[in-house]
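User: I am new to this structure and would like to learn how to read it. Please take me through some features one at a time.

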Amino acid sequence: MIRRTDRPDDDFADEIEAHLRLEADQLIEEGVAPDEAMMAARREFGNVTRSRERFYESNRRMWLENLWRDAGYALRQMRRSPISTATIVASLALGIGLNTGIFSLADQALVRALPVRAPEELVQLHWDGRFVGAGMGSVGFGSLLPFPLFEDLRADNDVFADMLARTTAEVHLRSGELSEAVPVEIVSGTYFSALGIQPAQGRLFGEADDQNPDAHPLVVLSFDYWRQRFGGDPGVVGTQVRMNDHPMTIIGVAPEGFRGTDWSMAPSLWIPMAMKARATNGWSGVDERRARFSHVFARLAPGVSREHAAGQLRSWFKNYLRSDTEREGWPAVTEGQMAEYMASELDLRPGSQGQSRLQREIQQPMLILLAATGLIFLLACLNVANLSFARVVAGRRATALRSALGASRWRIVGEQLIESGLLALMGCVFGAVLAPLVSRVVLSFLGEGRAGHVALDTALDGRMLLFAVAITGLTTVLSGAAPALYVASIRPVNALKQQASAIAAGFTLRKTLVVGQFVLALILLIGAGLFSRTLGSLRDQGPGYATTNLMMFSVRPMSDGFEREGTQPLLRELQAAVERVPEVEQVGIAAFEMLTGGGWNNPMTIEVDEPIVTDHSHPMNAVSAGFFESLGTPMVAGRSFDERDHFEELGWDLRSVIVNQAFVERYLSNVDPIGARLAIGNGPDLVPEIQIIGVVQSFRDTQIRETRPQAFFSLWETGFTQGTFYVRTRTSSTAAARSIRTAIARVDPSVTVLSLRTLDDQLDRMLSNERMLATLAGAFAVLATLLAMIGLYAVLSFSAERRTKEMGIRLALGAQRWAAGGLIVREAVTLAAVGLVIALPAVYALGRLVESQLFGVEPLDLPTFASAVGALVVVCLVASVFPARKVGTMDPLVALRSE
């Protein structure tokens with residue numbers, strides 16, 4: 001009992017009795033007989049028992065007491081049907097766990113702001129228009145700007161409280177005997193102060209630590225790397241590590257939870273922009289206005305809106321552009337190019353989420369997964385409602401009896417909602433356990449090489465727990481409302497008499513729920529089929545050359561301490577050493593990895609009868625002799641690179657180029673390409689001097705879905721100091737990998753072999769989004785089909801029970817047993833057919849929604865549609881076998897006695 005006062009019930013009863021005696025004594029004084037006086041007093045007072053009940057209820061929180069009793073009753077009901085309870089809880093756990101896990105990653109990747117001070121005040125600067133120059137801007141991502149622009153604007157503006165610039169690289173970090181490749185964020189001295197970040201240990205960079213090039217060998221560790229690599233030792237502050245074989249001093253540790261401004265490449269450490277050349281193999285670019293590599297963020301000054309700041313910067317940026325054209329080193333451009341350059345604008349975009357190179361890639365796949373998990377959740381709720389109906393119908397006589405004895409309709413409805421709430425709560429608990437596992441599975445599809453640096457947490461935090469609680473409440477309403485309303489509609493007289501009308505309405509609603517389950521299951525099955533066929537088409541197409549027995553690995557000699565002048569001789573020596581390995585058939589080197597979007601992009605000027613300027617920037621790479629032979633891509637015309645395409649000194653002296661067929665078909669279809677000359681760029685004073693010596697068969701490199709015009713230059717005519725080796729082997733990759741490592745160690749044991757793997761593995765990494773959609777959509781489709789089968793089985797079993805008397809009469813009159821069972825099967829097929837008809841518009845909309853993610857398959861693909869329908873037919877047959885068999889084997893006499 002939960003009381004609100006300390007007054008006992010007996011005291012109130014004595015008060016009532018005293019009041020009645022006073023009334024009776026007054027009547028006796030007026031001449032009424034004592035017995036009649038007491039009866040009259042009681043009539044005047046009213047129902048004594050009801051008054052005591054009202055007092056009892058007023059002294060207690062009855063709603064809480066009733067809730068406790070109803071919860072106990074619900075738990076007893078669950079224990080009576082453990083299989084049904086387990087099925088309901090499992091369905092809810094899947095729905096809640098999948099939604100919570102996927103939402104957790106989507107929230108972090110697409111919605112959540114950086115863990116910095118006032119992230120809503122941050123804006124990112126974006127160059128909208130033509131940029132005259134080179135550098136990462138031609139192949140990079142996002143809003144890349146020249147570092148001098150950042151310095152000029154920071155020194156001359158009144159709309160920003162502070163600004164920062166950042167870029168990324170991968171370096172070799174050696175501490176003690178351990179050397180490993182780690183991501184680094186190269187930042188301006190204002191980085192931490194502009195973001196409002198405080199150190200966990202030591203101190204962070206300031207402006208004084210970013211003044212003179214190569215004069216501030218300082219490192220700030222990320223909290224995660226500090227704990228993982230150094231065991232969280234505070235004594236690491238002040239010690240030295242070697243970054244690309246250069247001594248650097250650790251001055252501090254960033255706070256826990258801060259992982260930079262790009263969640264797709266969480267840095268292990270930060271270094272000042274003044275030390276950029278040490279991280280990027282000698283190239284700095286911080287003073288070059290024609291090279292852009294920095295992402296620039298700014299914090300708005302108090303009271304300044306983003307729109308106002310953008311308006312104030314327009315005139316400043318126009319002056320910057322005009323001054324830029326007057327500086328020394330401004331290249332010659334055409335009038336059109338000058339007009340486009342001067343028409344450029346400096347946009348201010350929201351910067352609260354930082355800069356993520358993967359966000360755009362995974363945005364639509366993540367939204368598709370969210371929609372799929374939403375369908376799973378809805379399907380789980382329909383399944384729970386269906387099973388709850390079965391429990392309600394099974395206990396309809398007990399419910400009717402309670403109603404006849406005085407239980408109110410709202411009390412009975414409340415009991416059903418409480419039972420649904422308890423089931424949802426249990427599903428929430430198991431779903432919360434499942435959610436981190438789901439997040440880990442999704443995160444694993446980013447690929448081993450990237451997932452280690454992706455700053456997305458898989459553990460549940462407060463926001464996700466709130467989401468789980470909210471979805472649990474929604475589950476209670478969706479899955480409990482319909483059974484509760486059905487309970488309220490039962491007429492006790494009909495239920496106690498077992499009349500069919502008492503359950504007909506509920507059975508019709510259960511059929512409707514099953515149809516809804518079939519609709520959702522069909523949508524998910526078709527979606528899974530489309531994504532699976534897309535993945536299969538891309539795998540079958542491949543990059544355009546055989547990936548079997550083809551391996552790759554990278555080396556960066558300057559990161560291992562080699563001088564710049566010695567890098568290309570080392571690469572040639574390594575190539576010769578690997579070629580001598582018995583398991584190796586052919587070796588080639590590329591400056592940039594393929595199937596990663598690596599390389600650089602530029603427009604080109606081609607000299608044939610008249611100069612042709614390419615209409616787009618096209619991907620380029622620098623490769624060695626033997627590269628195309630390693631891939632197995634034949635030369636269509638001309639020759640491949642050989643010793644003639646070699647420049648003795650390290651530097652840029654491009655004399656020969658090989659283009660692919662796509663390049664020839666677009667620009668040189670009417671002339672002989674061999675001997676034609678081109679130049680990199682599209683300036684008016686360019687003289688094409690690089691001769692086309694060969695045409696190679698087109699293959700897919702930067703885009704796996706299409707071939708693009710591409711140009712390849714001789715690696716030995718460039719200034720590149722690193723290379724990715726492509727090795728065609730005769731034996732298994734495991735044996736060849738050991739031999740390759742041994743051969744490189746013989747040349748120089750200090751050379752670090754990076755990312756030694758097969759091209760099949762690299763292809764899988766490039767298809768990570770497609771694999772994620774195909775795998776998870778397939779898993780969701782299986783779950784949806786299983787839930788639909790459970791729901792259909794429950795309905796058919798109840799249908800067989802409800803039609804026991806009808807089936808008994810049919811069998812008694814001579815009907816075949818298989819015909820009686822066939823009625824149940826026909827009922828299942830009818831429900832599936834209705835679901836199919838209803839699903840058609842949704843399937844059409846689904847195809848249009850995911851069309852951009854498909855390849856080699858139409859949105860309304862007939863084989864996929866037929867396969868999904870066939871799967872549902874199998875579900876119908878499986879779900880109807882046991883109910884149909886039960887009907888076909890029943891004894892007619894027993895059936896006729898059942899009602």
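Analyst: The turns below go from the overall make-up to a helix pair and then to the cysteines. This is a predicted model, where local features need pLDDT of at least 70, side-chain atom pairs count only at pLDDT 80 or more, and totals for chains, interfaces and linings use all residues. Residues are numbered from 1 along each chain as its sequence is written, and side-chain values use heavy atoms, with hydrogens and water left out.

User: How many helices and strands does the protein have?

Analyst: Helices (H or I, at least four residues) and strands (E, at least two) are DSSP runs, numbered from the N terminus. The protein has 28 helices and 24 strands.

User: How do I read the crossing of H6 and H10?

Analyst: Axes are lines fitted to C-alpha atoms, for helices over the stretch in contact, and angles run from 0 to 180 degrees between N-to-C directions. The axes of H6 (residues 147-155) and H10 (residues 306-326) cross at roughly 130° and come within 12 Å. H6 is therefore oblique to H10; angles under 35 degrees count as roughly parallel, over 145 as roughly antiparallel, 65 to 115 as roughly perpendicular and the rest as oblique.

User: Which residues in H6 meet H10?

Analyst: Contact means heavy atoms within 4.5 Å. Leu 149, Asp 152 and Leu 153 in H6 meet Leu 313, Trp 316, Phe 317 and Tyr 320 in H10.

User: Is Cys 876 buried or exposed?

Analyst: Buried means under 20% relative accessible area, exposed over 50%, partly exposed in between (1.4 Å probe, protein chains only). Cys 876 has a relative accessible area of 4%, so Cys 876 is buried. Cys 428, at 10%, also counts as buried.
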